[in-house]
Amino acid sequence: MRLLHRHILGQLIHVFLGVLGVLTVVMIVGGAFQQVSRHGLGVFQTLQILPYIIPSLLPFSIPVAVLLTVCIVYGRMAADQEVTAAKAAGIPVLSLLWPALFLGGLLSAGSLMLTDQAIPWSVGNIRRVVALATEDIVLDMLKTHNELALPQAGMSISVRDVSGHTLQRPIVRFNSAGGTPVTAQAREARLEVDASQGRILLKLTDCHLDIPGRGSIWLAEETRALPLPGGFNRAKPRHMSIETLKRKLRDEELRQQDLEDQRAIQACFHMTTGNFAGWNSDDAISKRSRLSLATHAKLRTEMHSRIAFSSSCFFFVLVGAPLAISQARRQVLTNFLVCFLPIIILYYPIVILCMSQSRSGSVDPAWAMWSGNLLLLLAGAVLVYRCGRH
């Protein structure tokens with residue numbers, strides 16, 4: 001029995017590696033093109049980010065690859081009457097499925113590690129490459145035209161001269177946090193890349209800030225962050241590790257508690273003074289509370305969806321292997337489409353709908369994100385039962 005299991009597992013691993021390699025190469029081409037079109041990278045920068053694109057694509061290619069693998073291996077075994085011979089020898093069908101289930105569980109754990117550790121690492125490195133490329137673009141534009149407009153950040157820079165990474169007599173116009181236009185004139189400024197955060201810093205030396213209504217303010221040093229293309233300045237939940245997500249969830253819970261305390265104090269103040277006309281439920285505290293609740297819902301959805309998506313490898317195997325055995329065909333594409341089309345039609349729309357509702361706070365992601373896997377579990381249980389009977 002162990003020899004049979006090792007034989008089936010060896011075939012599964014051999015086919016899986018080949019299928020995964022082909023799918024990854026195809027997805028790399030699409031991923032590299034997406035990064036190039038989004039960030040305007042050159043050939044050299046594109047080659048630099050290729051090793052970091054692969055980890056971000058594997059969690060999407062692994063479930064499809066393992067599903068295609070079990071369709072190939074078990075479809076061939078059934079077509080060659082190997083499954084029938086095993087049943088005639090007293091070996092139950094469920095025993096033949098153990099290698100595939102083991103591989104599916106192993107790949108689920110591997111996918112979770114990729115999404116939790118490898119993807120944040122790869123995104124950080126891609127951000128660093130993009131920051132370096134953006135720095136070169138900014139310096140080239142300033143050297144050529146002596147000015148540069150950054151409409152996404154509401155900022156413009158004009159300089160007298162550029163020497164290496166140092167800007168001579170820069171004038172920077174930007175909007176403050178309150179929306180007030182500010183003009184900063186400095187003796188010099190230097191562009192630096194913060195590799196840990198993947199951003200470009202403009203450090204102004206001997207800076208004079210001209211603020212309308214407040215006059216001029218002198219600062220020995222002022223630092224401004226330049227925006228990166230493609231929204232890389234914003235930390236997205238899918239680019240965070242689970243430990244980071246948990247920490248941010250605790251921060252949001254503490255923020256919500258603090259806002260509740262502030263609302264209670266405000267309510268007591270209005271009741272004490274009798275100023276019920278000024279008691280507005282749509283005040284700044286309520287807006288911050290709604291924003292915190294929305295952020296909390298998105299973070300929880302990301303954490304639970306990440307675990308559920310990683311576990312889909314196991315459930316894809318649970319459906320694909322017995323279905324391929326019941327079809328008993330050598331046509332790999334037929335077996336794959338018979339199995340994958342219902343997943344596209346039912347599984348992914350249900351998962352996307354549950355994710356959307358979870359992010360809006362309408363449902364609890366702790367159970368909603370597992371609804372698609374539960375559907376696969378029920379379908380897999382029925383298919384395994386039928387394979388055992390016939």
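**Exercise 1. A proline in a helix**

In which helix is the place of Pro 63? Work out whether Pro 63 is buried or exposed, and list what Pro 63 touches.

*Solution.*
The model is predicted: local features need pLDDT of at least 70, side-chain atom pairs count only at pLDDT 80 or more, and totals for chains, interfaces and linings use all residues. Residues are numbered from 1 along each chain as its sequence is written, and side-chain values use heavy atoms, with hydrogens and water left out.

Step 1. Find the helix. Pro 63 sits in helix α2, residues 43–79. Helices (H or I, at least four residues) and strands (E, at least two) are DSSP runs, numbered from the N terminus.

Step 2. Check burial. Buried means under 20% relative accessible area, exposed over 50%, and partly exposed in between (1.4 Å probe, protein chains only). Pro 63 has 6% relative accessibility, so it counts as buried.

Step 3. List the contacts. A contact means heavy atoms within 4.5 Å. Leaving out residues up to four places away in sequence, Pro 63 touches Leu 58, Ser 312, Cys 313 and Phe 316.

Step 4. Take one partner. Cys 313 is 250 residues from Pro 63 along the chain, yet their C-alpha atoms are separated by 4.9 Å.

**Exercise 2. Two helix pairs**

Describe how α4 packs with α6, then do the same for α7 and α9.

*Solution.*
Step 1. Know what to report. Two packed helices are described by the angle between their axes and the distance between the axes. Axes are lines fitted to C-alpha atoms, for helices over the stretch in contact, and angles run from 0 to 180 degrees between N-to-C directions.

Step 2. Take α4 (residues 93–145) and α6 (residues 284–327). Their axes come within 8 Å and cross at roughly 160 degrees. That makes α4 roughly antiparallel to α6. Angles under 35 degrees count as roughly parallel, over 145 as roughly antiparallel, 65 to 115 as roughly perpendicular and the rest as oblique.

Step 3. Look at who meets whom. Contact residues of α4 include Leu 97, Gly 104 and Asp 116, and those of α6 include Arg 306, Cys 313 and Phe 314. The contact residues divide into 14 nonpolar, seven polar and two charged. Here Ala, Val, Leu, Ile, Met, Phe, Trp, Tyr, Cys and Pro count as nonpolar, Asp, Glu, Lys and Arg as charged, and the others, Gly among them, as polar.

Step 4. Move to α7 (residues 332–359) and α9 (residues 371–389). These axes are 8 Å apart and the angle is about 150 degrees. So α7 is roughly antiparallel to α9. Ile 343, Tyr 347 and Cys 354 are among the α7 residues in the contact, and Ser 371 and Leu 375 are among those of α9. The tally is eight nonpolar, three polar and no charged.

**Exercise 3. Following the strands**

Which side chains of β1 are buried? Trace the pairing from β1 to β2 and on to β5.

*Solution.*
Step 1. Read along β1 (residues 147–150). The side chains alternate: Leu 148 and Leu 150 point to one face and are buried, while Glu 147 and Ala 149 point to the other and are not.

Step 2. Pair β1 with β2. Two strands pair if DSSP finds at least two bridges between them. β1 and β2 (residues 155–158) are antiparallel, over four bridges. Leu 150 has Met 155 as its bridge partner. Leu 148 is partnered by Ile 157.

Step 3. Go on to β5. Three bridges join β2 to β5, again in the antiparallel sense. Ile 157 has Val 172 as its partner there.

**Exercise 4. Positive phi**

What is phi, roughly, for Arg 169 and for Asp 206? Where does each residue lie?

*Solution.*
Step 1. Recall the background. Most residues other than glycine have a negative phi.

Step 2. Take Arg 169. Its phi is near 50 degrees, a positive value. Arg 169 is in the loop between β4 (166–168) and β5 (171–175). Its relative accessible area is 46%, so Arg 169 is partly exposed.

Step 3. Take Asp 206. Its phi is near 55 degrees, also positive. Asp 206 lies in strand β7, residues 199–211. At 27% relative accessibility, Asp 206 counts as partly exposed.
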